[in-house]
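Hi,

Here is the model I promised to pass on. Have a look at it first, and then read my notes below.

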Amino acid sequence: MPTTGNFTPEQLLEHERELVLPSLSNDDALDLGLTVLRLARERALPVLVEVRRWPQVLFRAALPGVVPDNDVWVDNKARVVQRFGHSTLHERVRHETAGTTFAVKTGLPESEYAAHGGGFPLAVEGTGVVGVLLVSGLPQVEDHALAVEALREFLAARRG
């Protein structure tokens, strides 16, 4: 199976359109982070979870099995989302679909920008992207899937 899960750029953009938040307060960030953390703990997943609202880190937790490299990955994924306003997996897939790579097309250093799944833009209705949900520790499609699942659950709970 390809490392990008056979997603198309359009499917990944649909995730972003579907998962727009009504707000992103500090309490919202804590609840979202705890949602990801609960899902990961139930499955014994070795992930680092972070919720940022530019420029602050509002939630951060590392489960057993996380290594120092995951700190670098979340920072590099965050830079991609902040610069392009889309998920890290979308940025990777859109360039691969065009027959190139993120690094070649953008010229950005791979040591600072990681177009690998697990960085998901946090957009607020009527405002746009204000932050990022970051998951690191699993294969990139699984990082992305955990972020999407948690956001869906978080939003469902908010809608009651």
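I'd start at His144, which you'll find in helix H6, spanning residues 140–159. Bear in mind that this is a predicted model. Is His144 buried or exposed? Its relative accessibility is 2%, and the cut-off for buried is under 20%, so His144 counts as buried. Setting aside residues up to four places away in sequence, His144 touches Leu12, His15, Ser87, Leu89, Gly117, Gly118 and Phe120.

Two of those names lead straight to the helix pairs. Leu12 and His15 belong to the H1 side of the contact between H1 and H6, while Leu89 is one of the H4 residues that meet H1.

First, H1 against H6. Their axes come within 11 Å and cross at roughly 30°. Angles under 35 degrees count as roughly parallel, so that is what H1 and H6 are to each other. The crossing is left-handed. On the H1 side the contact is made by Leu12, His15 and Glu18, and on the H6 side by His144, Val148, Arg152, Leu155 and Arg159. Sorted by class, this contact of H1 with H6 has three nonpolar, two polar and three charged residues.

Next, H1 against H4. Here helix H1 (residues 9–18) packs on helix H4 (residues 88–97) with the axes 9 Å apart and an angle of about 160°. With the cut-off for roughly antiparallel at over 145 degrees, that angle makes H1 roughly antiparallel to H4. H1 passes H4 in a left-handed crossing. Which residues of H1 meet H4? They are Pro9, Leu12, Leu13 and Glu16, and their partners in H4 are Leu89, His90, Val93, Arg94 and Thr97. By class, the contact of H1 with H4 has five nonpolar, two polar and two charged residues. Leu12 of H1 is listed in the contact with H4 and also in the contact with H6.

Pro9 deserves a closer look while you're in that region. This residue lies in helix H1 and is buried, with a relative accessible area of 12%. Leaving out neighbours within four places in sequence, Pro9 is in contact with His90, Val93, Arg94 and Thr97. Take Val93: Pro9 and Val93 are 84 residues apart along the chain, yet their C-alpha atoms are separated by 6.0 Å.

Over to helix H2 (residues 26–42), where Ala29 lies. Ala29 is buried too, with a relative accessible area of 0%. Apart from neighbours within four places in sequence, Ala29 is in contact with Leu24, Val51, Leu58 and Phe59. If you want to place Ala29 relative to H4, the C-alpha atoms of Ala29 and Leu89 are 21 Å apart, with the two positions 60 residues apart in sequence.

Now the whole chain. How many helices and strands does the protein chain have? There are six helices and four strands, and from the N terminus on they run α-α-β-β-α-α-α-β-β-α. The radius of gyration is 14 Å, close to the 15 Å that the globule rule gives for 160 residues, so the chain is as compact as a globular protein of that length. Along the principal axes, the C-alpha atoms fill a box of roughly 40 × 40 × 30 Å. Buried residues make up 47% of the 160. Among contacts with a separation of 6 or more, 70% come from residues 24 or more positions apart.

Cheers

Definitions and conventions. Residues are numbered from 1 along each chain as its sequence is written. This is a predicted model: local features need pLDDT of at least 70, side-chain atom pairs count only at pLDDT 80 or more; totals for chains, interfaces and linings use all residues. Side-chain values use heavy atoms; hydrogens and water are left out. Axes are lines fitted to C-alpha atoms, for helices over the stretch in contact, and angles run from 0 to 180 degrees between N-to-C directions. Helices (H or I, at least four residues) and strands (E, at least two) are DSSP runs, numbered from the N terminus. Angles under 35 degrees count as roughly parallel, over 145 as roughly antiparallel, 65 to 115 as roughly perpendicular and the rest as oblique. A crossing is left-handed if the near helix is turned anticlockwise from the far one by less than a right angle, and right-handed if clockwise. Contact means heavy atoms within 4.5 Å. Ala, Val, Leu, Ile, Met, Phe, Trp, Tyr, Cys and Pro count as nonpolar, Asp, Glu, Lys and Arg as charged, and the others, Gly among them, as polar. The radius of gyration is taken over C-alpha atoms; the globule rule is 2.2 Å times the number of residues to the power 0.38. Buried means under 20% relative accessible area, exposed over 50%, partly exposed in between (1.4 Å probe, protein chains only).
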